[in-house]
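Reader: I would like a close look at a single helix in this model, with attention to how its two sides differ in burial and what lies against it. Please set it afterwards beside the other helix contacts.

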Amino acid sequence: MTTTHTERGSRHAPRRIGDRLFRGVATSAGGLILVTLAGVAIFLTYEGFPAFTASRSQIPGGQGLASYIGPLVFGTILAATLALVISTPLSVGVALFISHYAPRRLAWLLGYLVDLLAAVPSVVYGLWGIFLLSPKMVPIYAWLQAHLGFLPFFTGPASVTGRTILTAGIVLAIMILPISTSLCREVFLQTPRLHEEAALALGATRWESIRLAVFPYARSGIVSAAMLGLGRALGETMAVAMVLSVSNVVTFNLISSVNPNTIAANIALSFPDSSGIAVNVLIATGLVLFVITFVVNFIARALVGSKGSSGAVT
Amino acid sequence: MNRPSAPRVLLMGSLSLCVAVTLGACSASNENNTPKTTPSSGGGSTAPALSGTLNGAGSTAQQSAIEAWTAAFQTANTGVTINYDPVGSGGGVDELLSGAVQFAGSDAYLTSDQIKQAKQKCGSDPIQVPVYVSPIAVAYNLPGVTKLNLSPDTLAQIFAGKITTWNDKAIAGENPGVKLPSTTITPVHRSDSSGTTFNFTDYLSQAAGSAWKYPASEDWPLKSGEGADGTSGVVAAVQAGNGTIGYADASQAKALSQALITVGSAHVAPSAAAASKVLDQSTFVDPSSTTNLSMKVNRTTTSSGTYPIILISYQMFCQKQSSQSTASLIKAFEAYAVSSGGQAAAAKQAGSAPLTAAIIAKATKAINTVTAG
């Protein structure tokens, strides 16, 4: 800022002040993000550290830190992966419909409604999950156990309340749908018109033109949309805490009432009645989640950046 | 992640409070005299003596009882504000030990370690008194079965996952004439740490003998069964499933069928009266102490009409308060909470079981030792 001061004369004084002011505000806003992030990281490390040095018996469960955090990490990743598997095809479909198939007015309305999903508080999704979705899933889980019980995912016994990790995954999928759909939609809309028209001119059908022109162009955008959704699913707390029946185990069984918990939901559930080293342990799990989320976002950024040719998202 | 920030102790009113002291003393002197305790506790109306803010934090179980007390107390003493932050028992105790609040509500009494910390913080003994007693109901959802008797042994086996169907011989034997379906049993427990779980597992570990081999704990000790968040979560899960059984504060589980628990040779339903009766049979952890009124519940009682699955929630605060105004305020408020009037107000609002006269007397005596220093 001192350089601008010397370079520019007093002729542009009024503009210069506004300029400097704006630049100062923007810089400090950017800096504040870094400070906040550093603050969170320092807090998590500092407060979580006693958990790493504590003796095995002091950790809740009495089996040491690794066996406490392990199932939580597993559950976090499992729930988020389920959400991703369900939401990615769905959001690509919805985005394609909005960008390429729907009449303009309908597309606008649909886009608006999808964005509205993002405005629903997660605790409301939790209530919806408990009272509506879970009971509706019970017969489906019973069917899955009866007919696909040979797969490790559906060995059962099927939950009679429907509060399983699969239900939690579905709720999470709906929660991350808005972010990945709007990203995909933006990317699809930026496909060069010429590419699509060229494909159509060569005799391709609508579907073929999308497959040949839109998808290759938007691939990195879709991946990064999915990754950003994953980041949100990893950290989602309230809805999971309310919907999921947890036992802190490691299992791939998706339809029983014995499920692994997620890190964020476990903090929400355990914190109120914790004191002493148990709080440090919870903060340490928060640190692990922080690292996981950071890595996921880092990968997402890297994927977007490496295929810079599309330039769609940034 | 950020901990709910403790309400700041902003200021204690600057009014001089000599009158308040005499008031607190007079409310305390009423001890057993049940009808008179109520007017004296709200006695601030006759002289505008109490003022200032009292901050507390802790147990969610006590929350609606505290709401009842706060409403009555603030109506009687218009200059007083009482804040209660239901952060959970552990959080409340932490905030008391850090000095952020003047009183904590906790479903578990202080450990000897915590008492030591509190002594350091307070410069004196911490006072802990039972303020809230509530029966924990064993609620189930089994269409067609409206009455169910369960012995502690059978109950333990159900929650341990040893008995898996409703028509198991053990259950059928205790319920002659009841047509039990072959539905699978889904036991529902709390997935969050809770005083309810502590008291339920404490009951099982003492009353069920070898059928339950886990110690009392705030976290569910098993890795089986269905977990649900909070009392309302358990109630919702039990309601939603077919063949579910769970435990929850009796006042919150009214919509569900509640099992009768075998005590001695009788089968007893959860009720406030039956819960109060257990108090008569229970002892203090440290009978000689005048400040530590933590109780050891008699879970294995066999006397008739008692219901031993109860939760006792405490309030704890320093014996030595920083200022005279705080001392008067906390004395008056706590005296009201444990008085028969306060207990009746809590029973009306929260469905809790009133403390017995003997406990009220001892608690009032303990509360009365609060001084400014």
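Author: What follows describes one helix of chain B, and then turns to two helix pairs and to the contact between the chains.

The model is a predicted one, and the helix chosen here is H5 of chain B, which spans residues 112–122 and whose buried residues are Gln114(B), Ala118(B) and Cys122(B). These three cover an arc of only 65° around the axis, and they therefore sit on the same side of H5(B). An α-helix has 3.6 residues a turn, so residues three or four places apart point the same way. On the other side of H5(B), the exposed residues are Ser112(B), Asp113(B), Lys116(B) and Gln120(B). As for what covers the buried residues of H5(B), the elements of chain B include helix H4 (89–98) together with the strands S4 (126–141), S14 (310–318) and S15 (320–321). Just after H5(B) comes Gly123(B), which takes a positive phi of about 75°.

Elsewhere in chain B, helix H3 (residues 63–76) packs with helix H12 (residues 340–350) at an angle of about 125°, their axes being 8 Å apart. That angle makes H3(B) oblique to H12(B), and the crossing of H3(B) and H12(B) is right-handed. The contact is made on the H3(B) side by Ser64(B), Ala65(B), Glu67(B), Ala68(B), Trp69(B) and Ala72(B), and on the H12(B) side by Gly342(B), Ala345(B), Ala346(B), Gln349(B) and Ala350(B); by class, the contact of H3(B) with H12(B) has 7 nonpolar, 3 polar and 1 charged residues.

In chain A, helix H4 (residues 104–117) and helix H6 (residues 165–189) pack at an angle of about 140°, with axes 7 Å apart. H4(A) and H6(A) are therefore oblique to each other, and their crossing is left-handed. From H4(A), the contact draws on Gly111(A), Val114(A), Asp115(A) and Leu117(A), and from H6(A) on residues that include Ile174(A), Leu177(A), Pro178(A) and Arg185(A). By class, the contact of H4(A) with H6(A) has 5 nonpolar, 3 polar and 2 charged residues.

Between the chains, 27 residues of chain A are in contact with 31 residues of chain B. Helices H5 (122–148), H9 (238–243) and H10 (263–270) of chain A each supply at least two residues of the side of chain A that touches chain B, and H5(A) gives the most to that side, with 4 residues. By class, the side of chain A that touches chain B has 14 nonpolar, 11 polar and 2 charged residues.

Terms used: Residues are numbered from 1 along each chain as its sequence is written. Chains are lettered from A and ligands numbered from 1 in the order in which they are written. This is a predicted model: local features need pLDDT of at least 70, side-chain atom pairs count only at pLDDT 80 or more; totals for chains, interfaces and linings use all residues. A residue is buried if 20 or more other C-beta atoms lie within 10 Å of its own, exposed if 12 or fewer, and partly exposed in between; C-beta atoms are placed from the backbone. The arc is that of the directions from the helix axis to the C-beta atoms. Two residues are in contact if their C-beta atoms, placed from the backbone, lie within 7 Å. Ala, Val, Leu, Ile, Met, Phe, Trp, Tyr, Cys and Pro count as nonpolar, Asp, Glu, Lys and Arg as charged, and the others, Gly among them, as polar. Axes are lines fitted to C-alpha atoms, for helices over the stretch in contact, and angles run from 0 to 180 degrees between N-to-C directions. Angles under 35 degrees count as roughly parallel, over 145 as roughly antiparallel, 65 to 115 as roughly perpendicular and the rest as oblique. A crossing is left-handed if the near helix is turned anticlockwise from the far one by less than a right angle, and right-handed if clockwise.
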